[in-house]
Amino acid sequence: MDTKIGVYVCKGCDIGKSLDLNTFEEVATEQGAAFVKTHDALCSPEGVQFIHDDVASEGLNRVSVCACSGRVFPELFVFGDDKLTDRANMREQCVWCHPTGDEDTQMLAEDIIRMSIARLKVAEPPVPYVEETSKEIMVIGGGIAGMNAAMSSAQAGYKVHLIEKEGQLGGWAAKFSKVFPKVPPYQELEDSGWEKLAEKVKLNDNITVHLSTTIKKTSGQPGKFEVTLQNGDSGNQLMIGSIIQATGWKPYDPKKLDYLGYGSSPDVVTNIELEEMVLKGDIKRPSDGKAPESIAFIQCAGSRDQDHLPYCSAVCCRVSLKQAKYIREKYPNAQIYIIYKDVRSPAQFEMFYVNVQNDDGVFMTKGEIAKVEAKDGKILIDVEETLLGEDIQIEADMLVLASGMVPTTKVPDKILEEHAAAVEGEEAPADDGKTDDGKKAAEAAEPGAKILNLTYRQGTDLPTLKYGFPDSHFICFPYETLRTGIYAAGAVRAPMDLASSASDGVGAAMKALQAVESVSKGVAVHPRSGDSTFPDFFFQKCTQCKRCTEECPFGTLDEDEKGTPLPNPFRCRRCGICMGACPERIISFKDYSVHMISSMIKAINIPDEFDEKPRILAFVCENDAMPALDMAGVKRLQYNSMLRIIPLRCLGSMNSVWVSDALSAGFDGVILLGCKKGDDYQCHFIRGSELANTRMGNVREKLQQLVLEEDRVELHEVAISDYDKIPKIFDDFLETIERVGPNPYKGM
Ligand code: SF4
Ligand code: SF4
């Protein structure tokens, strides 16, 4: 279909008075637009109607809105499903950060128009990928998080399958005698209430409970997960829209706590073992069955320890306070000792802590455990650096180790080590990306916890991040995992208590419902919510190099037996990382492609005279770096106007051919701005910035081939709050480029 492009330049917000709008007609029509029109305020109802009228009367199917950032009023400039709009940032990234009436500001504005038209000429309106899908929710785990997830989904009108591997609902809550107080005045222990909740779950018509059941196999994609259940010898098949994994936690292996005396005496037990005694109504010394007269607790047993669990397990302090209360209620003369690193009893639980602290039979001190020894029927605990200012020795009948929580998704270290060794033992992919066997693929697949038993090419279960939790970012993207449409809830995603698990189940349910609704419309659920594009593959040119299948962070692509990618569109998050990975450049989206960005690069006018007008191309991730740039504009921070900015969905979608294109076109330097990588990454697509960093190796090789200096390309990590650093990053890079000198390919 022929494109007819109208360019609309807003005169508001200083744009009109900062630029000479008269030059734009020639620039735009030369580039292929039908016309340029200006308006005092395009965001006003009259301004929007002005464009609508032209779309109808002039037959426009592409509109370039040269005004404020596309992050402002995104809903205003929508003119129909078969029309495309490009928001060319003439405000925050042009007139608000460069001098008014300046020749260089004017040249920048003209290039912004050229890039916008180039984009609109290549891009096409996306067509959502719609198929019949299921909206049923499957919750795995019948504990507090799982039951709350099931109830929330069911109450919202969705059919739910609740899968529990044990013969009853309740999870850990069913194994606890009491829980710490959740209601004022936060003094007395309470029932967890799991039985009432389980009853409600069983009575809800929208919920089918599958007890003593596990997952044999999960294949497919969101909206179309084909799940095979395993219950004894029988196996049900379900078609599921979205999955919530609420499989909880397991206690840290007490055998690893031998340095705290575990195993040296039966009277050294874990908090879980003590809880079992309480539930049986039988708190006795395991060694002789006598009532204990003194019980010591060691807090952070394994937690907050780099050699064991480096994180805080969140609940153990309050569990010990609770257990101290159990014991004091049963044996009013028993003496309790609690040795802690810090007592973490947050918010209203402080009142519970004070209540236990005020009990004369409970002695608490901060301290470091020097030694634990079982001797003559007693447990001797040497404690250093106490609050008393002296080292002490505690003699107790029993010792309770407040051990921590390990997510059920944590794959045992031994398996992880074997996997890493197997992957390292393989040859790295050849530079042309043409690995030719499936061996690496098989060994590179993530080892899994064998809960979901996914048939994904990248592994059988939720990939885990630091410490074995599957949550893809517990601050920015709670509940989201690296598998689209599968959400984590409760202690499987972060250590938490039962009350937090309950609200977590509700939160994850909201995500699952969003997923099934979005998938049914053929649009992305997150983080590009509502995006209806999908990657298209031109398979005739595929070399089966497997880069896309290996690098997609979300396991979207499986493979056929020859290694050709098999896309599962509903798993896709539209990041474009596969597009950046593909050496053959055969992956594209309707409105985002290698060709589109190359066309934008080529549309930019490169002056011959370097001394005054060097040119720098900036590829900027639109998630964090782009808002930071906009904020720099809002704050009217000034930086050099030699930059031409192209937004990317993710820096991981950058195909290294664009750098070659830019240098061949005469750009003197290329700067990349993306999110933070590493363990505390900020990348919305998890691995995008890390992959961009890796691909910098290819870029450096390309520079060497072109006999160009490595300094011509830089990559920076920019957080959304780093707007104040933007001018220095850009101006320092300009200085570097001025030092290195002009691109010798300029003008060729
Ligand atoms: S766009 Fe992203 S999520 Fe989709 S297939 Fe490509 S790499 Fe995977
Ligand atoms: S689509 Fe591209 S990256 Fe994927 S296997 Fe084929 S050639 Fe390789």
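1. T549 is buried in this predicted model, because its relative accessibility of 0% falls under the 20% cut-off. The residue belongs to helix α14, which covers residues 547–551. Beyond the neighbours within four places in sequence, T549 touches R457, Q458, L557, D558, E559 and P565. A reader checking the burial of T549 can begin with these contacts, among them R457 and P565.

2. Two ligand sites deserve a look. Around ligand 1 stand C552, F554, T556, C572, R573, R574, C575, G576, I577, C578 and F589. Sorted by class, this shell holds seven nonpolar, two polar and two charged residues. Ligand 2 has 13 residues around it, and C542, C545, K546, C548 and C582 come nearest. The shell of ligand 2 is made up of nine nonpolar, two polar and two charged residues.

3. Which peptide bonds should be inspected as cis? The bond joining P184 and P185 is cis, with omega at about 0°. P185 sits in the loop that runs between β6 (160–163) and α7 (194–203). The bond from H526 to P527 is also cis, and omega there is near -10°. P527 lies in the loop between α13 (498–521) and β23 (536–537).

4. Positive phi values in residues other than glycine also call for a check. C13 is not a glycine, yet its phi is about 55°. The residue is placed in the loop between β1 (5–10) and α1 (15–18). C13 counts as partly exposed, because its relative accessible area is 40%. A347, likewise not a glycine, has a positive phi near 55°. It is in the loop between β15 (335–340) and α10 (349–357). A347 counts as exposed, because its relative accessibility is 61%.

5. Next, a helix pair. Helix α6 (residues 144–155) packs with α7 at an angle of about 35°, and the axes are 10 Å apart. The crossing of α6 past α7 is left-handed. On the α6 side the contact is formed by I144, M147, N148 and M151, and on the α7 side by W194, L197, A198, K200 and V201. By class, the contact of α6 with α7 has seven nonpolar residues, one polar and one charged.

6. How are the strands of the open sheet of four strands ordered? The order is β28-β27-β29-β30, and the pairing is parallel. β28 (643–648) and β30 (713–717) are the edge strands, each with pairing on one side only. From one strand to the next, the twist averages 20°.

7. Within this sheet, β27 (residues 616–621) and β29 (residues 669–674) are joined in the parallel sense by five bridges. A618 stands opposite I671, a residue of β29. Helix α16 (residues 594–603) packs on the sheet, where it touches β27 and β28. The direction of α16 makes about 170° with that of β28.

8. A further helix, α17 (residues 625–634), lies across β27, β28 and β29. Its course is at about 115° to β27. Both β27 and β28 are thus touched by α16 and crossed by α17.

Definitions and conventions: Residues are numbered from 1 along each chain as its sequence is written. Chains are lettered from A and ligands numbered from 1 in the order in which they are written. This is a predicted model: local features need pLDDT of at least 70, side-chain atom pairs count only at pLDDT 80 or more; totals for chains, interfaces and linings use all residues. Side-chain values use heavy atoms; hydrogens and water are left out. A residue is near a molecule or strand if one of its heavy atoms lies within 4 Å of it. Ala, Val, Leu, Ile, Met, Phe, Trp, Tyr, Cys and Pro count as nonpolar, Asp, Glu, Lys and Arg as charged, and the others, Gly among them, as polar. Helices (H or I, at least four residues) and strands (E, at least two) are DSSP runs, numbered from the N terminus. Buried means under 20% relative accessible area, exposed over 50%, partly exposed in between (1.4 Å probe, protein chains only). Contact means heavy atoms within 4.5 Å. Axes are lines fitted to C-alpha atoms, for helices over the stretch in contact, and angles run from 0 to 180 degrees between N-to-C directions. A crossing is left-handed if the near helix is turned anticlockwise from the far one by less than a right angle, and right-handed if clockwise. Two strands pair if DSSP finds at least two bridges between them.
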